[in-house]
Amino acid sequence: MATYKKRGYKPTAKPEVETEIENFDNVEETSTTAEVFNTLDETASKTEEWVAGNQKYIFVIIGVVAALVLGYLGYNEFVAQPKESEAMNDMFQAQKYFNEAVNGTEKDSLYTLALNGGNGKYGMLDIINEHGGTPAANLAEYYAGMAYLNLKDYKNAVEHLSNFTSEDEALAPLAKGAIGDAFVQLNQLDDALDYYKEAAEIRTNEFTTPMYLNKAGLVALELGKADKALGYFEKVKNEYPNSAEATTIDVFIGKAQVLANK
(Lines give C-alpha, C1' and ligand atoms only; values in the text may rest on other atoms or scores of the structure.)
Protein backbone atom coordinates (compact mmCIF):
# COMPACT_ATOMS: atom_id res chain seq x y z
CA MET A 1 0.00 0.00 0.00
CA ALA A 2 1.29 3.48 -0.81
CA THR A 3 2.19 5.69 2.10
CA TYR A 4 2.55 9.46 2.36
CA LYS A 5 4.03 11.98 4.72
CA LYS A 6 1.46 14.30 6.14
CA ARG A 7 2.50 17.92 5.75
CA GLY A 8 4.57 18.93 8.77
CA TYR A 9 4.58 15.36 10.12
CA LYS A 10 7.32 12.79 10.36
CA PRO A 11 6.77 9.03 10.17
CA THR A 12 9.21 8.29 12.99
CA ALA A 13 11.02 10.27 15.63
CA LYS A 14 14.74 10.64 15.22
CA PRO A 15 17.13 9.92 18.13
CA GLU A 16 17.46 12.74 20.50
CA VAL A 17 20.43 13.80 19.53
CA GLU A 18 28.85 27.44 29.16
CA THR A 19 34.49 36.16 36.63
CA GLU A 20 35.22 38.29 38.30
CA ILE A 21 38.47 39.77 36.93
CA GLU A 22 41.42 39.60 39.27
CA ASN A 23 42.79 42.93 40.41
CA PHE A 24 45.11 44.43 37.86
CA ASP A 25 47.98 44.41 40.40
CA ASN A 26 47.82 40.60 40.39
CA VAL A 27 47.99 40.32 36.61
CA GLU A 28 51.22 38.28 36.70
CA GLU A 29 49.58 35.62 38.89
CA THR A 30 46.34 35.40 36.90
CA SER A 31 45.79 32.61 34.41
CA THR A 32 45.28 34.34 31.09
CA THR A 33 43.69 31.24 29.60
CA ALA A 34 41.17 30.85 32.42
CA GLU A 35 40.28 34.54 32.33
CA VAL A 36 39.80 34.53 28.57
CA PHE A 37 37.51 31.52 28.60
CA ASN A 38 35.55 32.67 31.66
CA THR A 39 34.98 36.07 30.09
CA LEU A 40 33.97 34.52 26.78
CA ASP A 41 31.46 32.34 28.66
CA GLU A 42 29.98 35.44 30.30
CA THR A 43 29.62 37.25 27.00
CA ALA A 44 28.11 34.16 25.41
CA SER A 45 25.43 34.22 28.12
CA LYS A 46 24.75 37.89 27.35
CA THR A 47 24.41 36.98 23.68
CA GLU A 48 21.86 34.29 24.49
CA GLU A 49 19.89 36.69 26.72
CA TRP A 50 19.81 39.31 23.96
CA VAL A 51 18.69 36.80 21.36
CA ALA A 52 15.98 35.55 23.71
CA GLY A 53 14.67 39.06 24.25
CA ASN A 54 14.71 39.94 20.57
CA GLN A 55 13.30 36.84 18.90
CA LYS A 56 10.26 38.75 17.67
CA TYR A 57 12.47 41.45 16.11
CA ILE A 58 14.72 38.88 14.47
CA PHE A 59 11.95 36.95 12.83
CA VAL A 60 9.92 39.99 11.82
CA ILE A 61 12.99 41.25 9.94
CA ILE A 62 13.52 37.86 8.30
CA GLY A 63 9.85 37.74 7.35
CA VAL A 64 9.96 41.20 5.79
CA VAL A 65 13.07 40.35 3.79
CA ALA A 66 11.57 37.09 2.60
CA ALA A 67 8.34 38.84 1.61
CA LEU A 68 10.23 41.46 -0.40
CA VAL A 69 12.21 38.83 -2.25
CA LEU A 70 9.12 36.75 -2.95
CA GLY A 71 7.18 39.77 -4.14
CA TYR A 72 9.93 40.83 -6.55
CA LEU A 73 9.72 37.81 -8.84
CA GLY A 74 6.45 37.30 -10.70
CA TYR A 75 6.45 33.53 -10.68
CA ASN A 76 6.71 33.44 -6.91
CA GLU A 77 2.99 34.06 -6.58
CA PHE A 78 2.38 30.55 -7.90
CA VAL A 79 5.58 28.67 -6.99
CA ALA A 80 7.87 30.15 -4.36
CA GLN A 81 5.30 31.74 -2.07
CA PRO A 82 3.27 28.56 -1.56
CA LYS A 83 6.50 26.60 -1.06
CA GLU A 84 7.81 29.09 1.49
CA SER A 85 4.46 29.20 3.28
CA GLU A 86 4.52 25.43 3.58
CA ALA A 87 8.09 25.48 4.86
CA MET A 88 7.35 28.11 7.51
CA ASN A 89 4.28 26.19 8.66
CA ASP A 90 6.35 23.02 8.92
CA MET A 91 8.98 24.88 10.98
CA PHE A 92 6.52 26.30 13.53
CA GLN A 93 6.86 23.56 16.16
CA ALA A 94 10.65 23.36 15.87
CA GLN A 95 10.84 27.13 16.30
CA LYS A 96 8.62 26.82 19.37
CA TYR A 97 10.93 24.19 20.87
CA PHE A 98 13.95 26.44 20.22
CA ASN A 99 12.33 29.46 21.86
CA GLU A 100 11.37 27.34 24.88
CA ALA A 101 14.97 26.11 25.13
CA VAL A 102 16.32 29.68 25.10
CA ASN A 103 13.90 30.76 27.82
CA GLY A 104 13.48 27.52 29.78
CA THR A 105 15.40 25.21 32.09
CA GLU A 106 15.35 21.85 30.27
CA LYS A 107 17.57 23.25 27.56
CA ASP A 108 19.30 20.14 26.22
CA SER A 109 16.12 18.16 25.61
CA LEU A 110 14.37 21.14 24.03
CA TYR A 111 17.30 21.98 21.74
CA THR A 112 17.34 18.33 20.70
CA LEU A 113 13.63 18.48 19.92
CA ALA A 114 14.19 21.68 17.95
CA LEU A 115 16.77 19.83 15.87
CA ASN A 116 15.00 16.53 15.35
CA GLY A 117 11.35 17.31 15.89
CA GLY A 118 8.83 15.74 18.19
CA ASN A 119 5.19 14.68 18.36
CA GLY A 120 5.33 13.85 14.66
CA LYS A 121 6.42 17.36 13.72
CA TYR A 122 9.47 18.42 11.76
CA GLY A 123 12.70 19.56 13.36
CA MET A 124 15.12 22.08 11.91
CA LEU A 125 17.14 19.34 10.23
CA ASP A 126 14.00 18.16 8.44
CA ILE A 127 13.24 21.68 7.26
CA ILE A 128 16.75 21.92 5.80
CA ASN A 129 16.39 18.59 4.03
CA GLU A 130 12.77 18.87 2.90
CA HIS A 131 12.61 22.56 1.99
CA GLY A 132 16.09 23.29 0.64
CA GLY A 133 16.44 26.58 -1.19
CA THR A 134 13.73 28.37 0.75
CA PRO A 135 14.27 31.23 3.21
CA ALA A 136 12.84 28.92 5.89
CA ALA A 137 15.56 26.33 5.24
CA ASN A 138 18.19 29.08 5.43
CA LEU A 139 16.79 30.24 8.76
CA ALA A 140 16.68 26.64 9.96
CA GLU A 141 20.46 26.50 9.38
CA TYR A 142 20.84 29.33 11.91
CA TYR A 143 18.53 27.63 14.40
CA ALA A 144 20.31 24.30 13.98
CA GLY A 145 23.74 25.87 14.40
CA MET A 146 22.73 27.68 17.58
CA ALA A 147 21.07 24.53 18.94
CA TYR A 148 24.22 22.50 18.32
CA LEU A 149 26.32 25.25 19.91
CA ASN A 150 24.20 25.07 23.07
CA LEU A 151 24.43 21.27 23.01
CA LYS A 152 28.24 21.59 22.84
CA ASP A 153 28.37 19.87 19.46
CA TYR A 154 30.72 22.49 18.10
CA LYS A 155 31.63 20.92 14.76
CA ASN A 156 27.99 20.66 13.71
CA ALA A 157 27.44 24.20 15.01
CA VAL A 158 30.16 25.49 12.70
CA GLU A 159 28.78 23.55 9.75
CA HIS A 160 25.21 24.82 10.01
CA LEU A 161 26.07 28.39 10.95
CA SER A 162 28.45 28.52 7.98
CA ASN A 163 25.56 27.49 5.71
CA PHE A 164 23.42 30.38 6.96
CA THR A 165 23.40 33.66 5.05
CA SER A 166 21.85 36.94 6.12
CA GLU A 167 22.05 40.68 5.56
CA ASP A 168 20.25 41.42 8.82
CA GLU A 169 21.75 43.92 11.29
CA ALA A 170 21.65 41.41 14.16
CA LEU A 171 21.56 37.92 12.68
CA ALA A 172 24.53 38.37 10.35
CA PRO A 173 27.07 39.23 13.10
CA LEU A 174 25.48 36.86 15.63
CA ALA A 175 25.95 33.91 13.28
CA LYS A 176 29.60 34.80 12.57
CA GLY A 177 30.27 35.40 16.24
CA ALA A 178 28.69 32.08 17.21
CA ILE A 179 31.09 30.34 14.82
CA GLY A 180 33.87 32.12 16.70
CA ASP A 181 32.44 30.83 20.00
CA ALA A 182 32.46 27.28 18.62
CA PHE A 183 36.07 27.59 17.48
CA VAL A 184 37.08 28.82 20.96
CA GLN A 185 35.60 25.65 22.43
CA LEU A 186 37.42 23.57 19.81
CA ASN A 187 40.63 25.38 20.83
CA GLN A 188 41.07 26.74 17.30
CA LEU A 189 41.82 30.24 18.48
CA ASP A 190 43.20 31.59 15.22
CA ASP A 191 39.93 30.66 13.51
CA ALA A 192 37.96 32.11 16.41
CA LEU A 193 39.81 35.41 16.10
CA ASP A 194 39.08 35.60 12.37
CA TYR A 195 35.36 35.09 12.93
CA TYR A 196 35.16 37.54 15.83
CA LYS A 197 36.81 40.19 13.64
CA GLU A 198 34.37 39.43 10.84
CA ALA A 199 31.43 39.57 13.25
CA ALA A 200 32.57 42.95 14.54
CA GLU A 201 32.99 44.37 11.04
CA ILE A 202 30.09 42.84 9.09
CA ARG A 203 27.60 45.22 10.71
CA THR A 204 28.17 48.25 12.91
CA ASN A 205 25.82 48.67 15.87
CA GLU A 206 25.94 49.36 19.59
CA PHE A 207 25.45 45.73 20.63
CA THR A 208 27.24 43.22 18.44
CA THR A 209 30.20 45.38 17.36
CA PRO A 210 31.64 46.08 20.84
CA MET A 211 30.81 42.54 21.98
CA TYR A 212 32.84 40.93 19.23
CA LEU A 213 35.64 43.50 19.39
CA ASN A 214 35.96 42.57 23.05
CA LYS A 215 35.98 38.84 22.26
CA ALA A 216 38.56 39.41 19.53
CA GLY A 217 40.74 41.22 22.03
CA LEU A 218 40.49 38.42 24.59
CA VAL A 219 41.44 35.77 22.04
CA ALA A 220 44.24 37.95 20.69
CA LEU A 221 45.63 38.18 24.24
CA GLU A 222 45.55 34.40 24.53
CA LEU A 223 47.38 34.10 21.21
CA GLY A 224 50.10 36.44 22.42
CA LYS A 225 49.00 39.26 20.11
CA ALA A 226 48.85 41.96 22.76
CA ASP A 227 49.25 44.85 20.30
CA LYS A 228 46.24 43.71 18.30
CA ALA A 229 44.26 43.07 21.47
CA LEU A 230 45.02 46.62 22.64
CA GLY A 231 43.65 47.99 19.37
CA TYR A 232 40.37 46.09 19.77
CA PHE A 233 39.96 47.15 23.39
CA GLU A 234 40.73 50.80 22.66
CA LYS A 235 38.18 50.81 19.85
CA VAL A 236 35.53 49.63 22.31
CA LYS A 237 36.53 52.37 24.76
CA ASN A 238 36.65 55.18 22.20
CA GLU A 239 33.83 54.29 19.84
CA TYR A 240 31.37 52.41 22.08
CA PRO A 241 31.67 54.09 25.51
CA ASN A 242 28.05 53.26 26.42
CA SER A 243 28.32 49.54 25.70
CA ALA A 244 28.31 46.86 28.37
CA GLU A 245 31.85 45.90 27.39
CA ALA A 246 33.09 49.45 28.04
CA THR A 247 32.40 49.13 31.77
CA THR A 248 35.41 46.82 32.26
CA ILE A 249 37.47 47.67 29.18
CA ASP A 250 40.07 49.72 31.11
CA VAL A 251 41.16 46.57 32.93
CA PHE A 252 41.79 44.77 29.65
CA ILE A 253 43.50 47.80 28.15
CA GLY A 254 45.86 47.86 31.12
CA LYS A 255 46.56 44.16 30.80
CA ALA A 256 47.22 44.43 27.05
CA GLN A 257 49.58 47.36 27.64
CA VAL A 258 51.58 45.37 30.20
CA LEU A 259 51.86 42.34 27.93
CA ALA A 260 52.68 44.47 24.87
CA ASN A 261 55.60 46.11 26.71
CA LYS A 262 57.17 42.86 27.87
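User: In this predicted model, what makes G224 worth a look just after helix 10?

Analyst: G224 takes a positive phi of about 80°, and its place is just after helix 10.

User: How do you know how far helix 10 reaches, set against what is expected?

Analyst: Helix 10 covers residues 208-222, which is 15 residues. From its first C-alpha to its last it reaches 21 Å, close to the 21 Å expected at 1.5 Å a residue.

User: Why is helix 10 called largely enclosed?

Analyst: Buried means under 20% relative accessible area. In helix 10, 14 of the 15 residues are buried, so the rest of the structure largely encloses this helix.

User: Why is N119 called exposed?

Analyst: The cut-off for exposed is over 50%. N119 has 70% relative accessibility, so N119 counts as exposed. N119 lies in the loop between helix 4 (107-116) and helix 5 (124-130). Its phi is positive, about 55°, although N119 is not a glycine.

User: What makes N187 count as exposed?

Analyst: Exposed again requires over 50%. The relative accessibility of N187 is 56%, so N187 counts as exposed. N187 is in the loop between helix 8 (171-185) and helix 9 (189-202), and has a positive phi of about 60° without being a glycine.

User: Why are helix 4 and helix 6 called roughly antiparallel?

Analyst: Angles over 145 degrees count as roughly antiparallel. The axes of helix 4 and helix 6 (residues 135-150) cross at roughly 150°, and the two helices are therefore roughly antiparallel. The contact is made by D108, Y111 and L115 of helix 4 with A144, A147, Y148 and N150 of helix 6. By class, this contact has 5 nonpolar, 1 polar and 1 charged residues.

Technical notes. Residues are numbered from 1 along each chain as its sequence is written. This is a predicted model: local features need pLDDT of at least 70, side-chain atom pairs count only at pLDDT 80 or more; totals for chains, interfaces and linings use all residues. Side-chain values use heavy atoms; hydrogens and water are left out. Helices (H or I, at least four residues) and strands (E, at least two) are DSSP runs, numbered from the N terminus. The expected span of a helix is 1.5 Å times one less than its number of residues. Buried means under 20% relative accessible area, exposed over 50%, partly exposed in between (1.4 Å probe, protein chains only). Axes are lines fitted to C-alpha atoms, for helices over the stretch in contact, and angles run from 0 to 180 degrees between N-to-C directions. Angles under 35 degrees count as roughly parallel, over 145 as roughly antiparallel, 65 to 115 as roughly perpendicular and the rest as oblique. Contact means heavy atoms within 4.5 Å. Ala, Val, Leu, Ile, Met, Phe, Trp, Tyr, Cys and Pro count as nonpolar, Asp, Glu, Lys and Arg as charged, and the others, Gly among them, as polar.
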